[in-house]
Structure formats: structure tokens, C-alpha cells
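Thanks for coming. I will talk through one structure, and you can follow along on the screen.

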Amino acid sequence: MTDTKKLALILPAALLMFSLPSTVAAQGRGGRGAAPPAPAKADAPIDLTGYWTAVITEDWHQRMLTAEKGDFGTGAPGAVVTPGGRPGPSNIPFNPNGRKIALAWDPAKDEAESNQCKAYGAVGVLRQPTHLHITWQDDNTLKMEADFGTQTRLFHFVPRAAGMGAPAAKAGPPAGEAPSFQGYTVANWVQLGGKEGFEKGGNLSATTTNLKPGYYYRNGMPYSANAVLTEHFRVIDIPKSGQWIAFSSMVVDPEYLTQPYIVTYQFKKLADGSKWNPQPCAAK
Amino acid sequence: MKSFTRFGIGGGVVFLALAGTAPMLAQGGKGAGSPTDISGTWRKIGQEDTHERGSGPDPGEYWGLPVNDAARMRADTYNEEWVSTSYILQCRPHPTGYQPLGPDPMRIEQLTTPINRQLIAYRVSYDENPGDRMIWLDGRPGLSPLAVHTWEGFSKGHFKGDTLIIESTHMKEAFHRRNGVPSSFRATTIEHISLDEPYLTWVVTTYDDDYLTEPVVRSATYIRAPNVQIPPYPCAAQQEEIGADANNYRVPNYFMGENPYLTEVAVKYKVPLDGVRGGAETTYPEWRAKGMAEKPPTAQYTLKPTYTDASTKVAEQADARPKRAPSYDKIDTLHAGGNVYVIAGAGGNIAASIGGDGVLLVDSGAEQASDKVIAAIESINKEMRPQERPDSASPFADTWQATHAFAPLNIRTIINTGPLADHVGGNAKIRNSKEFHPLGVLGEEEQGSEIILAQENAARRMGEMKLNDDGTPTNTYFSARYNMHRFFNNQAVQVMHMDNALTDGDSVVFFRKSDVIATGDIYIADQYPPIDVERGGSIDGEITALNKVFDLCVTEFMAQGGTVIIPGHGWLGDAADLGYYRDMLTVIRERIQKMVDNKMTLAQVRAAKPTTDYDVEYGREPGGTAKFVEAVYKSLSAKKGK
């Protein structure tokens with residue numbers, strides 16, 4: 001088994017194992033006999049709810065438009081050639097298998113197989129020119145809707161243990177749940193500050209598994225069913241512009257990648273839902 | 001070894017474990033300088049905008065940037081040869097708003113105060129760009145508006161939760177994208193840096209009302225790289241880059257509408273031209289439908305852009321406003337270098353050498369501000385302590401008294417840089433003040449020499465201005481260079497004639513030991529030069545003057561620092577600022593020269609707006625741009641007519 005495959009297997013478990021106690025410890029609470037944990041909604045160090053819009057300032061031609069087949073982020077095949085005739089640099093750290101799949105993209109086939117939403121899965125949808133509508137579905141489930149492709153992601157917060165010694169709740173998809181484009185996302189808050197003179201803040205940390213194979217971008221750049229998506233969402237205040245979400249996205253995919261694939265993109269908060277414009281998935 | 005496997009499975013788990021416990025540890029230490037620690041060595045993960053951030057963007061590639069038409073015009077006329085033409089400027093680095101997006105590894109160090117080990121700053125060094133960027137965390141006040149701008153700017157930071165927030169000001173003019181998309185010297189940034197071990201996320205927001213219609217938010221990711229080494233001085237300027245047959249003052253650029261490469265990127269990436277040209281609207285989801293409907297060009301051609309948005313009207317709007325009556329309400333002072341200070345807000349900037357010999361002024365400001373100028377000098381003078389002799393026993397019976405007894409204020413000399421009213425208007429009032437005691441001959445102040453000094457032509461022009469007789473020069477010089485007849489405040493003071501620049505009587509003053517040059521209005525930080533053709537000024541003389549001053553300068557590190565320039569108005573500068581100003585004037589001169597060659601009238605030249613891309617920075621003074629364009633046109637037309 002390769003290193004990347006090993007990491008893909010242990011990464012979700014490791015994240016959960018370490019993120020749960022860290023959250024508790026960071027808040028300085030817990031202990032035997034402590035009160036039941038607060039629901040995630042009440043415990044949020046940041047407010048992600050509301051309408052947001054993607055502002056595409058990076059990887060622009062891949063994200064805003066549909067790039068050519070074989071455009072790995074640096075132009076259509078042959079557009080950028082480095083000395084010696086080698087292909088130009090690539091945004092995505094594909095292995096030969098991933099590159100081969102990318103070059104075989106066939107949108108008509110996706111359409112015919114009802115797979116036109118492959119670029120709108122959990123890994124791809126936030127790269128698209130989309131608006132987001134984020135609400136609390138219940139006290140421990142954050143719902144993120146995207147109008148581009150009309151997709152819904154659910155972030156399942158794991159009820160925290162009632163004390164340092166208490167067993168952690170089970171995290172992960174329900175037994176037998178079929179893989180989907182949005183997969184199953186386990187979330188928790190990472191909190192910091194709030195004392196000793198430092199302002200309180202934090203981020204939403206989320207890990208998504210149980211994915212159906214999909215695309216990073218609409219031009220068929222693939223990730224596999226074994227991909228694990230780790231994200232961090234932060235809310236930042238940008239004077240004269242308002243609130244923004246800054247999120248980082250890391251994909252570990254031993255089938256198609258030689259190393260983790262990491263991007264950081266931003267969304268700007270909207271005053272209301274007037275720009276909300278649900279559109280169906282399109283294969284191209 | 002691949003970067004991923006370098007960290008390995010075990011490493012990954014350890015990192016995750018550390019990530020989990022980091023918050024607890026970070027909050028444990030009372031009085032710690034930060035709730036998280038971003039120090040260490042870092043390697044950039046280049047998986048976003050790989051082509052742009054690696055090998056470099058294509059000409060005309062403005063997508064993803066909320067640029068205005070002024071920025072487009074400036075970038076459209078940019079020629080990438082420009083970066084290697086000037087020996088001093090070859091090593092110019094990228095500014096704070098752009099550098100973190102680049103491919104360079106970096107080292108972040110903690111700077112602590114020895115007395116209590118509190119973190120007071122982070123120091124950031126990049127592999128190939130400006131070293132030792134300081135991010136101050138101790139709440140120190142911001143810099144004076146008169147302070148020198150640098151590539152990295154002045155940065156102050158504070159933590160909010162797990163995020164370090166940094167605000168930066170005082171940056172030099174540079175790039176938003178290194179294919180010529182300009183960033184203004186008024187640009188500022190806010191950065192949000194957060195750590196998710198082993199990854200560092202760096203979000204940079206750049207504000208630039210001159211060249212962007214809204215802030216641009218971009219980001220980058222770094223990974224811990226303990227083995228990264230940051231080399232010493234990474235750039236050595238290469239004289240041979242300039243070329244044996246080319247001169248040091250060449251400023252490569254394309255005339256408007258003649259850059260043949262602007263459509264190349266649209267063809268290469270099969271992207272419609274409207275998208276390639278950028279703009280805020282192209283960054284929002286609503287634009288996709290338009291972009292998908294438009295056809296990209298199939299072959300490269302020379303684009304003939306038109307520029308019409310609000311940024312192209314800055315100068316005409318300013319010119320339409322009545323000139324503001326100066327108030328002289330606030331006089332600012334700032335140390336420039338050695339024993340030289342700048343006094344601003346009294347009309348033109350005043351340079352003052354203040355020391356044991358008294359005070360030597362370069363220019364005197366406006367007449368109405370003279371009392372405040374003298375008060376400002378008095379204030380600086382009261383803080384000047386006589387030098388203690390280093391490495392020897394004190395020669396004084398009572399050292400404290402001797403070093404805290406302040407000499408009375410003695411203003412000895414005024415040197416005028418030219419005949420401009422807001423620079424010489426205070427001559428008479430200061431000369432007649434009780435604080436003015438010229439260096440006398442044979443002990444007689446009335447026979448003092450070098451009371452008011454100016455170039456002969458400037459003195460003649462001042463005579464034409466009907467100034468109070470006491471305000472006109474007592475001494476004049478005719479040669480290219482005049483050395484003050486004695487050291488003053490322990491340094492040589494040289495006055496150099498800059499012929500036919502703003503007028504036929506301009507001078508710059510070089511304080512050699514302090515390494516400070518006062519230029520008068522030959523260089524103004526944020527305005528076009530007030531060239532007066534009727535009084536002997538010309539655009540060619542102005543550019544020649546800037547080149548002469550530029551050649552006097554020596555930079556300290558990475559094309560900045562070293563010789564300090566006191567401009568006629570605005571904040572202190574250095575060789576790079578002077579170089580950018582020279583480049584701006586050279587480009588505009590070449591454009592108008594071509595129009596003159598094509599027999600265009602002044603009205604036609606004005607209608608063609610040859611300064612549009614620079615007006616957002618330099619054209620905000622009422623009346624300034626129209627007069628400047630007219631002066632350039634007239635001086636080039638007159639030259640052609642000879």
C-alpha cells in the first residue's frame with residue numbers, strides 16, 4: 001500500500017480523534033459531572049449563516065468558465081510548454097492515472113449517464129461561480145445550499161463528549177449510506193482566544209468522506225471515490241467590504257493525486273437573497 | 001523526495017495531534033505574545049494560479065482583478081523590458097499585497113523584547129524578495145504621512161481567535177500583477193493569516209482606489225518546511241542587462257493601442273476578451289452567463305482599447321474644481337536623515353539642517369505660514385542635545401548640564417530651489433525674524449554671507465514676482481554646482497543647478513553627510529511637476545534633472561532606502577520613488593512627442609488623454625493635469641520648431 005493510500009485511510013479517523021478533545025480542551029470546560037455539552041449552534045465562535053457570493057479572483061478561467069479538456073489550470077493542452085517540450089505547470093498534482101482520466105473527459109457521456117452533477121459535488125461546488133445560503137437545519141447540522149447546480153451540503157456536528165473522560169460520539173456516515181456527490185461531512189468548531197487579551201475566534205473544521213467520484217472543475221478534472229476532503233471555514237472582516245468566508249480545501253486522493261491538493265478561496269456576504277438564482281447541473 | 005512523503009504518514013498524524021492540542025497549549029501561557037505561533041520556515045504550495053504565480057502571467061491577462069480603465073491603460077502600455085533597464089531599479093521586489101502569493105519560501109521569526117520576553121513583532125524574510133518585513137504586534141503608532149514608502153510597507157498586527165490580522169500602509173508603487181497591472185503608492189492591505197498545522201493560510205486583501213474599483217481578496221497556502229534555507233542578499237543588479245548601446249534612462253513602453261500581445265492570452269486559454277480584460281463584474285457569478293455566450297478570438301491581433309470609466313475622468317474633474325485656498329493649519333515635521341528634517345504643510349516642503357551651527361533652510365514655504373515654520377524649527381531645536389563624545393571621558397565639569405543646555409535658535413541661511421511662491425514666500429519674514437542670525441563676516445551679521453542663496457535665474461524670476469526686497473536672494477550662483485563655502489553642521493552642502501526643468505533657475509540641495517537631497521518641485525510625491533515653459537522650463541529639462549538626481553542616489557537594499565529625497569510636496573522618498581516618477585514622465589513625454597510628430601493640436605492631445613493611466617495618482621490637484629499636458633506639449637512643440 002502506498003503512503004498516500006495509507007494516509008487516506010487513517011486521515012479521517014485521526015482528524016476526528018484529535019479534533020474532538022482539542023475543541024473541548026481549548027474551551028477550558030468539561031470534566032466529570034459537567035453540564036451537557038452545548039449544541040453546536042449555540043457554541044459557534046463564528047456566524048456562517050446568511051447569503052454569500054463567490055468572488056473569483058483566483059484560478060479564474062477554470063472556475064468562472066468551462067476550461068478546455070486537458071486544461072490543468074495553465075491553459076489548453078500545448079498552451080504553455082516549458083523548455084524541453086514538457087507540458088506546462090499544473091495546478092492539480094495529478095499522478096499519471098489522474099491525468100489520463102482528465103484527458104478522457106466526455107461531457108456527453110456524463111450527460112447520458114445522468115452524471116451531469118459530477119462537478120458540483122462537495123469537492124467541486126465551492127470552486128464554482130455560485131452563491132451560498134447557509135442556515136442551521138437543526139442545533140447540530142449546518143446546511144449549506146449552492147444555487148449553481150442547486151446542491152445542498154450538510155455539516156454534521158458531532159455532539160461533544162460530556163467530559164474529558166467520556167467516550168466520543170460516533171462520527172461518520174450512517175452504516176449502509178450510499179456514497180453521494182456531497183458525501184458525508186463531519187464538522188466541529190475550533191475555538192481560540194476569548195481571554196488574556198485576545199479576541200475570541202475560531203473556525204469550522206470539516207471532513208467529508210463517502211463521496212461519489214466527481215470533478216474539481218467542470219472540465220473533467222477528476223477525484224475518486226476514495227478522496228477525503230478536509231476544509232476550514234473562517235469568517236473575516238474586511239473593512240469597506242463587509243464579512244467574507246475564507247475557506248481552505250484539502251483533498252487527499254491516493255488514486256489520482258501524488259500529494260494533497262490544497263486551495264483557498266473566498267466568499268463575500270450578501271445583504272439578502274436577491275441574487276439567489278438556482279440553476280440545474282450542466283455537464284459542461 | 002516528494003513533498004508529501006517527506007512528511008510521511010507518521011508525520012501527518014503527529015501534525016494532526018499537534019493541531020488538536022495547539023489551542024490548549026497556546027492559551028496556557030499568560031502574557032504570551034500570541035494565541036498561536038506562526039514562526040518557522042515555510043514553503044509555498046503552488047496549486048492556485050500556478051502559471052501566474054510561477055513562471056508569470058501573460059501580457060493583457062487581467063482576469064480576476066477588479067481593475068479600472070486607468071489600470072488597464074497602464075498595463076496595456078507596459079513593456080516587460082522595463083524591469084531590467086535601470087541599474088538601481090533592477091532589484092525592485094514585489095509589495096506586501098502581491099509577495100505572499102508568489103512562489104518564494106519564507107522564514108517567519110519571532111522578535112521578542114529581552115526584558116520580559118514578550119513577542120513584539122514577527123519578522124518575515126522571503127527567498128527572493130524583500131527581507132526583514134516587520135509585522136509589529138506591540139501596538140506601536142502608525143507612521144507619519146510624511147514617512148518614506150517601502151516595498152513591504154509598514155505593518156501592524158493583532159490576533160483575533162486563531163487568525164493574525166495585519167494592516168499595512170506606506171507601500172511603494174508596484175504591481176497587482178507582474179504583467180504591468182499597477183498598484184498605487186496609496187494602496188493598503190489587510191492580511192488574515194491562520195494556521196491549520198502544518199498549513200498556513202494567507203489571505204491578502206488589497207485596497208487601491210486609484211487602480212481598483214473594489215478591494216481584491218486573494219490567498220495562498222504554505223506548508224511547514226523545516227529544511228528551507230533563506231539565502232542572503234538575493235539580487236545583484238546587472239549593468240550588462242541594460243545593454244551596451246542603450247542608456248540607463250530608457251523606459252520601454254508601448255504607445256497606446258500598439259501593444260501586439262494583449263490578445264495572446266485570450267487565444268491561448270480560449271477565453272472571451274471581456275473576461276481577459278478583467279473588472280469587478282467578471283469576478284461575480286452573474287458574469288458566467290455572459291462569458292459563456294461570448295466567443296474567444298481565434299487569432300492574435302493588436303487590440304485598440306478605449307478607456308472610458310470613472311477612473312479616466314479623475315483629472316478633468318480635478319481640473320474643473322477651484323483651486324483650494326491653502327490653510328497652513330497643520331505643520332508637520334519629520335526626521336529625514338542625519339541632521340536634516342522636513343517641515344511640511346507650510347506651502348512647499350522645507351528642508352532644515354539643524355545642529356550646533358544653527359539652522360540652514362532649503363526654501364521657506366509660504367509667507368502666511370512663517371510664524372508656524374519658525375515654531376516648528378524651535379520645537380525640533382529644543383530636542384537637539386549636544387553630542388557626547390564617544391569612547392572618552394567627558395570634557396565637561398558637569399556632563400548633564402552641558403549636554404542639556406540648548407543653544408538659542410539661530411537660523412543662518414535660506415537656499416531657494418526655485419522661484420515658486422509657495423517655496424520662497426517666507427524668505428522675508430524668516431529673514432527679518434528675531435531667530436535669523438546669518439553667518440557674519442568679521443563678526444558682523446549685517447555683512448553676513450549666503451543669507452538667501454539661489455541660482456541667478458531664480459533670483460531674476462523672483463525679482464519679476466515683486467517680492468519684498470528682503471525676500472530676494474542675497475547671493476546667487478551661475479555655475480552648474482555651488483558648494484557652500486564652509487561645512488555647515490559638520491557636512492558639505494552642495495547646490496546644483498537643474499537647467500530648464502520647471503524654470504531656468506531650479507536647484508537641488510545635497511546634504512552629503514546626511515545623504516539627503518531636497519529637490520524642490522522637480523519631484524513631487526503625488527503631483528505632476530509644475531513645468532513653467534514661459535519661465536524657461538521644459539519636459540526634457542525636467543527629465544534630465546530627475547536623472548541627475550537619480551544618479552546621485554545610492555540605495556540601501558533591494559532598490560530602496562539609502563539616499564533620502566525631500567520632495568517639493570508630499571512624503572519623503574528614495575531613489576526608487578524618483579525613478580518611478582522619472583519613468584512616468586518619460587512615458588508621457590514619448591506619447592505626447594508622438595502626437596506632436598503627428599501634427600496634433602493641443603486640443604487634440606488633450607482629447608486623446610495621454611496621461612489617463614497616471615492621473616489617478618498624480619492628477620488630483622485642481623488645474624495640475626491640464627497645465628502639465630500643455631507644458632509638455634509646448635516644450636516639445638517649441639523644440640520641434642527650432
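I will start with chain A and then spend the rest of the time on chain B. Keep in mind that this is a predicted model.

Chain A first. The secondary structure comes to 5 helices and 13 strands. Chain A has 284 residues, and buried residues make up 52% of them. If you take the contacts in chain A with a separation of 6 or more, 66% come from residues 24 or more positions apart.

Now chain B, and its domains. The domain assignment gives domain 1 as 3-59 + 81-240, and domain 2 as 332-386 + 399-586. Where these two touch, domain 1 of chain B contributes 18 residues and domain 2 of chain B contributes 19 residues. What kinds of residue does domain 1 of chain B put on the side that touches domain 2 of chain B? By class, there are 11 nonpolar, 4 polar and 3 charged residues.

Next, the sheet in chain B. Seven strands might be hard to follow on the screen, so here is the order: E12-E13-E14-E15-E16-E17-E18, forming an open sheet with mixed pairing. The edges are strand E12, residues 332-337, and strand E18, residues 475-477, each of which pairs on one side only. From one strand to the next, the twist averages 25°.

Let me pick one pair out of that sheet. Strand E14 of chain B, residues 350-355, and strand E15 of chain B, residues 358-362, run antiparallel and are joined by 5 bridges. If you want a position to look at, find B:Ser353, which stands opposite B:Leu360 in E15(B).

Two helices to point out here. Helix H8 of chain B, residues 370-382, packs on the sheet and touches E12, E13, E14, E15 and E16 of chain B. The direction of H8 makes about 35° with that of E14(B). Helix H12 of chain B, residues 456-464, also packs on the sheet, where it touches E17 and E18 of chain B. The direction of H12 makes about 105° with that of E17(B).

Last item: helix H3 of chain B, residues 69-76. How many of its 8 residues are buried? The count is 8 of 8, so by the cut-off used, each has 20 or more other C-beta atoms within 10 Å of its own. Among the buried residues are B:Asp69, B:Arg72, B:Arg74 and B:Asp76, along with B:Met73. What covers the buried residues of H3(B) includes strand E8, residues 181-183, and helix H16, residues 612-618, of chain B.

That is what I have.

Definitions and conventions. Residues numbered from 1 in each chain as written. Chains lettered and ligands numbered in written order. Predicted model: local features only at pLDDT ≥ 70, side-chain atom pairs only at ≥ 80, totals over all residues. Buried ≥ 20, exposed ≤ 12 C-beta atoms within 10 Å, placed from the backbone. Helix = DSSP H or I, 4+ residues; strand = E, 2+ residues; numbered from the N terminus. Contact = placed C-beta atoms within 7 Å. Pairing = 2+ DSSP bridges. Axes fitted to C-alpha atoms, helices over the stretch in contact; angles between N-to-C directions. Domains from an automatic or database assignment. Nonpolar A, V, L, I, M, F, W, Y, C, P; charged D, E, K, R; others polar.
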